[in-house]
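Me: Could you take a close look at one part of this protein for me, the nonpolar core and the helices packed around it? I work at the bench, so please spell out the cut-offs as you go.

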Amino acid sequence: MSGAEADSLSTEIENSGLITPGSGGVVLLSGGADSCALALGLSRLNPRPTLHALHLNYGLRPESGEDEDACSRLCERLAIGLTVVRPERASGNLHSWARQERYAAAERLRRDRGLDWIAVAHTASDLAETVVYRLAVSPGTRALAAMPSRRGAVIRPLLGLSREAVRRAATAAALPFVDDASNDDPAFARARIRHEVMPVLADL
(Lines give C-alpha, C1' and ligand atoms only; values in the text may rest on other atoms or scores of the structure.)
Protein backbone atom coordinates (compact mmCIF):
# COMPACT_ATOMS: atom_id res chain seq x y z
CA MET A 1 0.00 0.00 0.00
CA SER A 2 2.96 2.27 -0.51
CA GLY A 3 3.41 4.88 -3.22
CA ALA A 4 3.65 8.64 -3.53
CA GLU A 5 0.07 9.07 -4.75
CA ALA A 6 -1.30 6.98 -1.89
CA ASP A 7 0.76 9.03 0.58
CA SER A 8 -0.77 12.20 -0.90
CA LEU A 9 -4.11 11.19 0.59
CA SER A 10 -2.80 11.29 4.15
CA THR A 11 -0.95 14.52 3.46
CA GLU A 12 -4.13 16.15 2.15
CA ILE A 13 -6.12 14.93 5.15
CA GLU A 14 -3.50 16.24 7.58
CA ASN A 15 -3.32 19.59 5.79
CA SER A 16 -7.10 19.97 5.93
CA GLY A 17 -6.82 20.47 9.70
CA LEU A 18 -10.07 18.54 10.17
CA ILE A 19 -8.63 15.57 12.07
CA THR A 20 -7.47 16.25 15.61
CA PRO A 21 -4.76 13.85 16.86
CA GLY A 22 -6.32 11.32 19.18
CA SER A 23 -9.81 11.77 17.75
CA GLY A 24 -11.97 9.11 16.13
CA GLY A 25 -14.70 8.92 13.59
CA VAL A 26 -16.94 7.15 11.14
CA VAL A 27 -15.80 6.92 7.52
CA LEU A 28 -18.65 6.55 5.03
CA LEU A 29 -17.89 3.80 2.52
CA SER A 30 -19.80 3.36 -0.72
CA GLY A 31 -17.37 0.89 -2.24
CA GLY A 32 -16.28 3.43 -4.86
CA ALA A 33 -12.76 4.73 -5.42
CA ASP A 34 -13.23 8.00 -3.53
CA SER A 35 -14.51 6.56 -0.25
CA CYS A 36 -12.05 3.66 -0.33
CA ALA A 37 -9.21 6.13 -0.85
CA LEU A 38 -10.46 8.23 2.08
CA ALA A 39 -10.42 5.17 4.34
CA LEU A 40 -6.88 4.40 3.20
CA GLY A 41 -5.70 7.95 3.85
CA LEU A 42 -7.25 8.01 7.32
CA SER A 43 -5.71 4.65 8.18
CA ARG A 44 -2.24 5.93 7.27
CA LEU A 45 -2.32 8.98 9.49
CA ASN A 46 0.21 9.03 12.30
CA PRO A 47 -1.10 8.80 14.95
CA ARG A 48 -3.93 6.83 13.41
CA PRO A 49 -7.39 7.98 14.50
CA THR A 50 -9.93 5.54 15.87
CA LEU A 51 -11.85 4.46 12.77
CA HIS A 52 -15.08 2.63 12.07
CA ALA A 53 -16.58 2.31 8.59
CA LEU A 54 -20.25 2.47 7.60
CA HIS A 55 -21.74 1.12 4.38
CA LEU A 56 -25.37 1.46 3.38
CA ASN A 57 -26.57 -1.28 1.04
CA TYR A 58 -29.72 0.20 -0.48
CA GLY A 59 -30.32 -2.88 -2.65
CA LEU A 60 -31.27 -0.68 -5.59
CA ARG A 61 -28.81 -2.14 -8.11
CA PRO A 62 -27.92 -5.72 -9.07
CA GLU A 63 -24.32 -4.83 -8.17
CA SER A 64 -25.16 -3.77 -4.60
CA GLY A 65 -23.63 -6.97 -3.25
CA GLU A 66 -20.36 -6.20 -5.05
CA ASP A 67 -20.23 -2.78 -3.37
CA GLU A 68 -20.68 -4.35 0.06
CA ASP A 69 -18.09 -7.02 -0.71
CA ALA A 70 -15.55 -4.37 -1.75
CA CYS A 71 -16.13 -2.53 1.54
CA SER A 72 -15.68 -5.74 3.52
CA ARG A 73 -12.43 -6.61 1.77
CA LEU A 74 -11.08 -3.07 2.20
CA CYS A 75 -11.89 -2.94 5.91
CA GLU A 76 -10.31 -6.33 6.49
CA ARG A 77 -7.18 -5.15 4.70
CA LEU A 78 -7.00 -1.89 6.65
CA ALA A 79 -8.06 -3.44 9.97
CA ILE A 80 -11.12 -1.21 10.26
CA GLY A 81 -14.44 -2.31 11.77
CA LEU A 82 -17.42 -2.20 9.38
CA THR A 83 -21.12 -1.71 10.01
CA VAL A 84 -23.54 -2.46 7.14
CA VAL A 85 -27.05 -0.99 7.15
CA ARG A 86 -29.80 -2.07 4.72
CA PRO A 87 -32.53 0.58 4.90
CA GLU A 88 -36.08 0.00 3.67
CA ARG A 89 -36.99 2.08 0.63
CA ALA A 90 -39.28 5.02 1.38
CA SER A 91 -41.38 7.04 -1.05
CA GLY A 92 -40.21 10.35 -2.47
CA ASN A 93 -37.02 11.52 -4.13
CA LEU A 94 -34.53 8.63 -4.32
CA HIS A 95 -31.35 10.66 -3.85
CA SER A 96 -32.82 12.70 -1.01
CA TRP A 97 -33.97 9.53 0.79
CA ALA A 98 -30.59 7.83 0.34
CA ARG A 99 -28.72 10.89 1.62
CA GLN A 100 -30.95 11.23 4.68
CA GLU A 101 -30.59 7.53 5.52
CA ARG A 102 -26.80 7.70 5.11
CA TYR A 103 -26.23 10.66 7.40
CA ALA A 104 -28.79 9.52 9.98
CA ALA A 105 -27.13 6.10 10.21
CA ALA A 106 -23.70 7.69 10.44
CA GLU A 107 -24.77 10.01 13.25
CA ARG A 108 -26.31 7.12 15.21
CA LEU A 109 -23.11 5.12 14.83
CA ARG A 110 -20.95 8.10 15.81
CA ARG A 111 -22.95 8.69 18.98
CA ASP A 112 -23.19 5.01 19.92
CA ARG A 113 -19.41 4.61 19.68
CA GLY A 114 -18.54 7.97 21.23
CA LEU A 115 -16.69 9.18 18.12
CA ASP A 116 -15.97 12.72 17.05
CA TRP A 117 -16.61 13.07 13.33
CA ILE A 118 -18.12 11.59 10.17
CA ALA A 119 -15.73 11.63 7.22
CA VAL A 120 -17.18 11.90 3.71
CA ALA A 121 -15.13 11.44 0.53
CA HIS A 122 -16.33 14.44 -1.46
CA THR A 123 -13.62 15.87 -3.74
CA ALA A 124 -12.98 19.20 -5.44
CA SER A 125 -14.73 17.74 -8.49
CA ASP A 126 -17.86 17.00 -6.45
CA LEU A 127 -17.77 20.53 -5.07
CA ALA A 128 -17.60 22.08 -8.54
CA GLU A 129 -20.43 19.91 -9.85
CA THR A 130 -22.61 20.76 -6.87
CA VAL A 131 -22.09 24.50 -7.37
CA VAL A 132 -23.04 24.19 -11.05
CA TYR A 133 -26.10 22.07 -10.22
CA ARG A 134 -27.37 24.51 -7.62
CA LEU A 135 -26.79 27.48 -9.89
CA ALA A 136 -28.86 25.72 -12.55
CA VAL A 137 -31.83 24.79 -10.34
CA SER A 138 -31.81 27.72 -7.91
CA PRO A 139 -29.54 30.63 -8.88
CA GLY A 140 -28.25 32.67 -5.97
CA THR A 141 -25.58 32.87 -3.30
CA ARG A 142 -26.71 29.56 -1.73
CA ALA A 143 -24.88 27.69 -4.51
CA LEU A 144 -21.54 29.15 -3.39
CA ALA A 145 -21.88 27.50 0.04
CA ALA A 146 -22.65 24.12 -1.50
CA MET A 147 -20.21 21.85 0.30
CA PRO A 148 -18.29 23.18 3.33
CA SER A 149 -15.28 21.28 4.62
CA ARG A 150 -17.05 20.96 7.97
CA ARG A 151 -20.72 21.04 8.91
CA GLY A 152 -21.40 19.91 12.42
CA ALA A 153 -19.78 16.50 12.85
CA VAL A 154 -19.47 15.95 9.09
CA ILE A 155 -16.03 16.61 7.59
CA ARG A 156 -14.74 16.47 4.01
CA PRO A 157 -10.94 16.08 4.14
CA LEU A 158 -10.46 15.48 0.38
CA LEU A 159 -11.92 18.72 -0.98
CA GLY A 160 -8.42 19.84 -1.99
CA LEU A 161 -8.02 16.94 -4.45
CA SER A 162 -9.74 16.26 -7.77
CA ARG A 163 -11.67 13.06 -8.38
CA GLU A 164 -8.99 12.01 -10.86
CA ALA A 165 -6.19 12.44 -8.31
CA VAL A 166 -8.09 10.45 -5.69
CA ARG A 167 -8.81 7.66 -8.17
CA ARG A 168 -5.13 7.50 -9.14
CA ALA A 169 -4.24 7.07 -5.48
CA ALA A 170 -6.84 4.32 -5.04
CA THR A 171 -5.55 2.55 -8.14
CA ALA A 172 -1.92 2.89 -7.08
CA ALA A 173 -2.78 1.23 -3.76
CA ALA A 174 -4.71 -1.55 -5.55
CA LEU A 175 -7.81 -0.89 -3.45
CA PRO A 176 -10.82 -3.18 -4.07
CA PHE A 177 -13.21 -0.47 -5.26
CA VAL A 178 -16.24 -0.82 -7.55
CA ASP A 179 -17.52 1.71 -10.12
CA ASP A 180 -21.21 2.62 -9.88
CA ALA A 181 -22.65 2.67 -13.42
CA SER A 182 -25.46 5.02 -12.32
CA ASN A 183 -22.86 7.79 -12.03
CA ASP A 184 -22.74 7.78 -15.83
CA ASP A 185 -26.51 7.55 -16.37
CA PRO A 186 -27.70 10.71 -18.20
CA ALA A 187 -31.11 10.25 -16.59
CA PHE A 188 -29.56 11.86 -13.50
CA ALA A 189 -28.81 15.59 -13.60
CA ARG A 190 -25.49 15.25 -11.82
CA ALA A 191 -24.27 12.71 -14.34
CA ARG A 192 -25.09 15.11 -17.19
CA ILE A 193 -23.25 17.91 -15.42
CA ARG A 194 -20.23 15.66 -14.85
CA HIS A 195 -19.98 14.40 -18.42
CA GLU A 196 -21.48 17.22 -20.50
CA VAL A 197 -21.07 20.52 -18.64
CA MET A 198 -17.81 20.14 -16.71
CA PRO A 199 -15.69 19.23 -19.78
CA VAL A 200 -16.87 22.44 -21.49
CA LEU A 201 -16.01 24.51 -18.43
CA ALA A 202 -12.59 22.84 -18.27
CA ASP A 203 -11.95 23.82 -21.90
CA LEU A 204 -12.92 27.42 -21.13
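Reply: Happy to help; here is a walk through the core, then the parts of the chain around it.

A word on the basis: this is a predicted model, in which local features need pLDDT of at least 70 and side-chain atom pairs count only at pLDDT 80 or more, while totals for chains, interfaces and linings use all residues. Residues are numbered from 1 along each chain as its sequence is written, and side-chain values use heavy atoms, with hydrogens and water left out.

Let's start with the overall layout. The chain has seven helices and six strands, where helices (H or I, at least four residues) and strands (E, at least two) are DSSP runs numbered from the N terminus. Their order along the sequence is α-β-α-β-α-β-α-β-α-β-β-α-α. Of the 204 residues, 45% are buried; buried means under 20% relative accessible area, exposed over 50%, and partly exposed in between, with a 1.4 Å probe and protein chains only. Of the contacts between residues at least 6 apart in sequence, 77% join residues at least 24 apart, a contact being heavy atoms within 4.5 Å.

Now to the core itself. A nonpolar core here is a set of buried Ala, Val, Leu, Ile, Met, Phe, Trp, Tyr and Cys residues joined through side-chain atoms within 4.5 Å. The largest one holds 33 residues, and L38, L42, L158 and L175 touch the most other members. At least two residues each come from α1 (4–16), α2 (33–43), β2 (50–56), α3 (64–78), β4 (117–119) and α6 (163–172). The top contributor is α2, with seven residues. L158 is a good place to look: beyond its neighbours within four places in sequence, L158 contacts L9, E12, I13, D34, L38, A121, H122, T123, A124 and V166. There is also a second, separate core of 15 residues, W97, A98, Y103 and V120 among them.

Next, the pairing of α2 with α6. Two packed helices are described by the angle between their axes and the distance between the axes. For α2 and α6 the angle is about 65 degrees and the axes are 9 Å apart; axes are lines fitted to C-alpha atoms, for helices over the stretch in contact, with angles from 0 to 180 degrees between N-to-C directions. The crossing of these two helices is left-handed, a term used if the near helix is turned anticlockwise from the far one by less than a right angle, with clockwise giving right-handed. On the α2 side the contact is made by A33, D34 and A37, and on the α6 side by R163, V166, R167 and A170. By class, this contact has four nonpolar, no polar and three charged residues. In that count Ala, Val, Leu, Ile, Met, Phe, Trp, Tyr, Cys and Pro are nonpolar, Asp, Glu, Lys and Arg are charged, and the others, Gly among them, are polar.

Two buried residues are worth a visit too. M147 sits in the loop between α5 (124–137) and β5 (150–151), and counts as buried because its relative accessible area is 10%. Apart from neighbours within four places in sequence, M147 touches H122, D126, L127, T130, R156 and L159. M147 and L159 are 12 residues apart in sequence, with a C-alpha to C-alpha distance of 9.0 Å. D67, in helix α3, is buried because its relative accessibility is 8%. Its contacts, leaving aside neighbours within four places in sequence, are S30, G31, H55, R61 and V178.

You may wonder about the cysteines. A search of the whole structure finds zero disulfides, a disulfide being a pair of cysteine sulfur atoms within 2.5 Å. For C36, the nearest cysteine sulfur is that of C71, 5.7 Å away; C36 is buried, at 0% relative accessibility. For C75, the nearest is again the sulfur of C71, 6.5 Å away, and C75 is buried at 4%.

Finally, some backbone details. Most residues other than glycine have a negative phi, and most peptide bonds are trans. The peptide bond from N46 to P47 is cis, with omega near 5 degrees, and P47 lies in the loop between α2 and β2. A79, in the loop between α3 and β3 (81–85), has a positive phi of about 60 degrees and is exposed, at 65% relative accessible area.
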